[in-house]
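I opened this notebook to record what I looked up in the structure. The entries follow the order in which I consulted it.

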Amino acid sequence: MNDKIHKIKHEKPFKIFDLIIYIVIEVLILSFFIFFLPKKNKSYGITATYNGNKIFYYDNIKDTLTFYDLKIFTYDLTESNDKFLLRLDFVEGFNLIEIDKKTDSIQITDSNCHGKDCMHTVKNAPIICIPHGLVIKSETLSKPPQPSIG
Amino acid sequence: MTKLTTKKIVVTAILSSLSLITFLIENLFPPLFIPGAKMGLSNIFVLLAILLTDFTCSLSVLLIKVILGSIFGGSLSSLMYSLPAGLTSFLFQYFMINLFYKKFSLISICVASAILHNIVQCVVYAFVTNAISLVYLPYLSTIGVVSGLIVGFSTFLLIKILPQRILYQI
């Protein structure tokens, strides 16, 4: 006879020692919220990298987009008064990015990656598309980096 | 060391297939509010394997679920963070249940292992993406409490409802 099964069959769902586990969990979660919750940093730009290589930089103040390393990806940019709609095409697939000029917010609105996790990101957190190797995060730079030639 | 009987092999196979099917069905749904958040209902069968069989069989159920689930789900890249997270929470559950089942309830062990699973997943995710940012950890931990409670209660109710003659003969 299985002791564990026999015990579980005849016991209540909670025991007094469970309080130890629940208190530890509560303290852990509270500390996670205090130390790891994303804070809105003063950001002057947003940098995107593809497999570690910088591919574009968005300057919050000037509302300009600068592209780098055009050998490794292609892009299609549509600009309106209040938004940039940027489609990035990689070997692995595409990501459709929307940059709001007024709020300086960036989000991925469409992608053909598996899971589409990059479309559901926490506010102020880096946007990461693992299947496509794309990482988009805020940068606090005094001036934008110079584009590479060739 | 316990013998590997035909009954154990059959039970392991059934639990593996149920776990894999649940995992694949869950994969079809979008993530719960944030990337990587799932209910983890497939862990019900891994937990049942820990309770009904031995270490080797229950580990087989976990590995079959994680490895085949990644292959059939079409996302091999998810294996790099679901495997270490799955192994860590499995080892925690196995040792807690076998050493402390008289002191702690099944549900609390489930909740703790769900949180541990999410912590390991977040840490590996941060290393892999070079983000060095654990911003998802608070949210995933909170969702982990809920999923741990659901998995724990479901397994607890299954043990209560299933007839003794089925459970005690394995």
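The entries below deal with one chain, then the interface, then the nonpolar cores.

**Entry 1. Status of the model.** I note at the outset that this is a predicted model.

**Entry 2. Chain A.** I looked up the secondary structure and found two helices and nine strands in chain A. I then read their order from the N terminus, which is α-α-β-β-β-β-β-β-β-β-β. Of the 150 residues in chain A, I recorded 39% as buried. I also examined the contacts within chain A between residues at least 6 apart in sequence, and 37% of these join residues at least 24 apart.

**Entry 3. Extent of the interface.** How many residues of each chain are in contact across the interface of chain A and chain B? I found 38 residues on chain A and 53 on chain B. The size of an interface is often given as the accessible area lost when the parts come together, so I looked up that value next. Chain A and chain B bury about 4100 Å² between them, and carbon and sulfur atoms account for 72% of it. On the chain A side, A:Lys4, A:Lys9 and A:Ile130 supply 17% of the area buried against chain B, more than any other three residues.

**Entry 4. Polar features and make-up of the interface.** I searched for salt bridges between chain A and chain B, and the rule finds zero. For polar contacts, the rule finds 10 residue pairs across this interface, with both residues at pLDDT 80 or more. I then asked which elements of chain A supply at least two residues to the side that touches chain B; they are helix H1 (3–9), helix H2 (18–36) and strand S9 (134–139). H2(A) gives the most, with eight residues. By class, the residues on this side of chain A divide into 21 nonpolar, seven polar and 10 charged.

**Entry 5. The largest nonpolar core.** In soluble globular proteins, nonpolar side chains tend to be buried together. I found 54 residues in the largest nonpolar core, and those touching the most other members include A:Ile25, B:Leu15 and B:Tyr136. H1 and H2 of chain A each give two or more residues to this core, as do helices H1 to H6 of chain B. The largest share, 12 residues, comes from H5(B).

**Entry 6. B:Leu15 and a further core.** Leaving aside neighbours within four places in sequence, I recorded B:Leu15 in contact with B:Phe45, B:Leu48, B:Ala49 and B:Val61. Apart from the largest core lies another, of 23 residues, among them A:Ile55, A:Leu86, A:Ile97 and A:Cys113.

Definitions and conventions
Residues numbered from 1 in each chain as written. Chains lettered and ligands numbered in written order. Predicted model: local features only at pLDDT ≥ 70, side-chain atom pairs only at ≥ 80, totals over all residues. Heavy atoms only, no water. Contact = heavy atoms within 4.5 Å. Buried area = accessible area lost by both parts, 1.4 Å probe. Salt bridge = Lys/Arg side-chain N within 4 Å of Asp/Glu carboxyl O. Polar contact = N/O pair within 3.5 Å; in protein donor to acceptor, adjacent residues only side chain to side chain. Helix = DSSP H or I, 4+ residues; strand = E, 2+ residues; numbered from the N terminus. Nonpolar A, V, L, I, M, F, W, Y, C, P; charged D, E, K, R; others polar. Core = buried A, V, L, I, M, F, W, Y, C linked by side-chain atoms within 4.5 Å. Buried < 20%, exposed > 50% of the residue type's maximum accessible area, 1.4 Å probe, protein only.
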